[in-house]
Amino acid sequence: MTLGKYIAGGEKNTAYEAISKMMNGYDVGVSYADMMRLRISGGAAQECYDVYYVAHDKGRPLSRHWMGYGRHEGAVGNWGNFLTAPEERGKGYGGSLLKFWYDDFKNTENKPSCFLCTGGALSLAQLYSRFGFRPAIRGREFGPLYMPVGDSPDSFLEFTENYYKPSPVLFHRPATIGYRHEIDCLLRFYFVDSGLEFGIGGASYVEEGLLYYPERVGMLFTEVGRCVGWSLDGELQTHPLYKKSDIIDQRV
């Protein structure tokens with residue numbers, strides 16, 4: 001077994017070949033898989049820092065894992081897409097790969113402010129807790145999960161209290177992949193924790209819009225550049241703190 005990594009947009013190597021094989025034809029037409037293929041190809045490399053970790057045997061994929069976040073200050077990281085080939089499970093490949101990621105991440109210079117992960121099973125929450133993840137949603141023992149990075153608060157609730165600050169005006173701009181995690185992870189997890197329904201216009205994620213109808217989606221930013229909401233066909237969804245904020249449309 002070989003453990004390797006591929007940085008999207010960088011030099012293609014055996015890890016790139018293995019992850020590409022693993023994703024070839026996998027869940028085509030499903031947004032998370034289509035987005036993963038786009039990011040593997042380097043299609044988002046100008047806006048996002050994406051790293052794929054792969055356990056393989058001479059190029060034959062065994063297990064995969066990913067971390068990604070926007071190339072902007074205070075970015076929210078997404079972490080996961082962890083999968084070991086069914087026929088290879090129970091052999092320790094996945095655990096070795098996660099440790100490989102953890103050791104590599106410690107030496108990464110430009111880190112995000114946190115990592116967020118769906119982690120919807122108790123077994124995954126217990127596995128990921130070894131690396132600093134803890135439930136984001138109050139009263140739950142499993143996902144969604146939150147991992148603070150650097151001097152970020154210990155809890156997801158504290159993180160959101162620090163992130164969402166009053167802003168008398170919001171700037172409505174075209175949606176970009178670089179801020180996807182601020183909506184599909186941070187804002188969505190906040191809505192789940194608060195018992196609110198997330199999604200607008202029949203769409204459950206801004207990811208869908210970015211992939212399939214980008215001209216119809218937008219994002220909303222505070223005066224200090226925090227991404228706090230999104231739009232679809234002009235319908236807006238923001239953190240409740242900004243219900244009375246004025247909107248300045250900058251989508252042109």
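Helices and strands here are DSSP runs, numbered from the N terminus, with a helix needing at least four residues and a strand at least two. With those labels in hand, let's walk through this structure, which is a predicted model.

A good place to begin is the largest pocket, which holds about 590 Å³ of space. Its lining is made up of 30 residues, and Tyr 32, Asn 78, Gly 80, Asn 81 and Thr 118 are the ones that lie nearest the centre. Who builds the walls? At least two lining residues each come from α2 (31-40), β3 (60-70), β4 (76-84), β5 (114-117), α4 (122-128) and α6. Strand β4 gives the largest share, with six residues. Sort the lining by class and you get 17 nonpolar residues, seven polar ones and six charged ones.

Now for the second largest pocket, with about 310 Å³ of space. Here 16 residues do the lining, and those nearest the centre are Glu 73, Gly 74, Ser 113, Tyr 163 and Arg 226. This time the largest share comes from helix α5 (residues 156-163), which puts in three residues. By class, this lining has six nonpolar, six polar and four charged residues.

Next, have a look at a sheet. Strands of a sheet pair through backbone hydrogen bonds, and they can do so either parallel or antiparallel. In this model, five strands make an open sheet with mixed pairing, in the order β11-β10-β9-β8-β12. At the edges sit β11 (235-238) and β12 (246-249), each of which pairs on one side only. Going from one strand to the next, the twist averages 30°. You can zoom in on the end where β8 (residues 169-174) meets β12: these two pair in the parallel sense over four bridges. One residue to look for there is His 172, whose bridge partner in β12 is Asp 249.

Helix α6 ties the tour together, since we have already met it in the lining of the largest pocket. It spans residues 180-194 and lies across β9 (217-221), β10 (227-232) and β11, running at about 100° to β10.

Helix α6 also has a charged pair to show. Side chains of opposite charge can pair when their charged atoms come close. Arg 180 forms a salt bridge with Asp 184, and their closest N and O atoms are 3.0 Å apart. Where do Arg 180 and Asp 184 sit along the helix? They are four residues apart in α6, so about one helical turn separates them. Across the model, the count comes to 13 salt bridges.

Terms used:
Residues are numbered from 1 along each chain as its sequence is written. This is a predicted model: local features need pLDDT of at least 70, side-chain atom pairs count only at pLDDT 80 or more; totals for chains, interfaces and linings use all residues. Side-chain values use heavy atoms; hydrogens and water are left out. Two strands pair if DSSP finds at least two bridges between them. Axes are lines fitted to C-alpha atoms, for helices over the stretch in contact, and angles run from 0 to 180 degrees between N-to-C directions. Contact means heavy atoms within 4.5 Å. On a 1 Å grid over the protein atoms alone, a cavity is a set of points where a 1.4 Å probe fits but cannot get out, and a pocket is an open set with protein on both sides within 12 Å along at least five of seven lines; lining residues have an atom within 4 Å of a point. Grid points are joined across faces, edges and corners, and a volume is the space filled by probe spheres set on the points. Ala, Val, Leu, Ile, Met, Phe, Trp, Tyr, Cys and Pro count as nonpolar, Asp, Glu, Lys and Arg as charged, and the others, Gly among them, as polar. A salt bridge is a side-chain nitrogen of Lys or Arg within 4 Å of a carboxyl oxygen of Asp or Glu.
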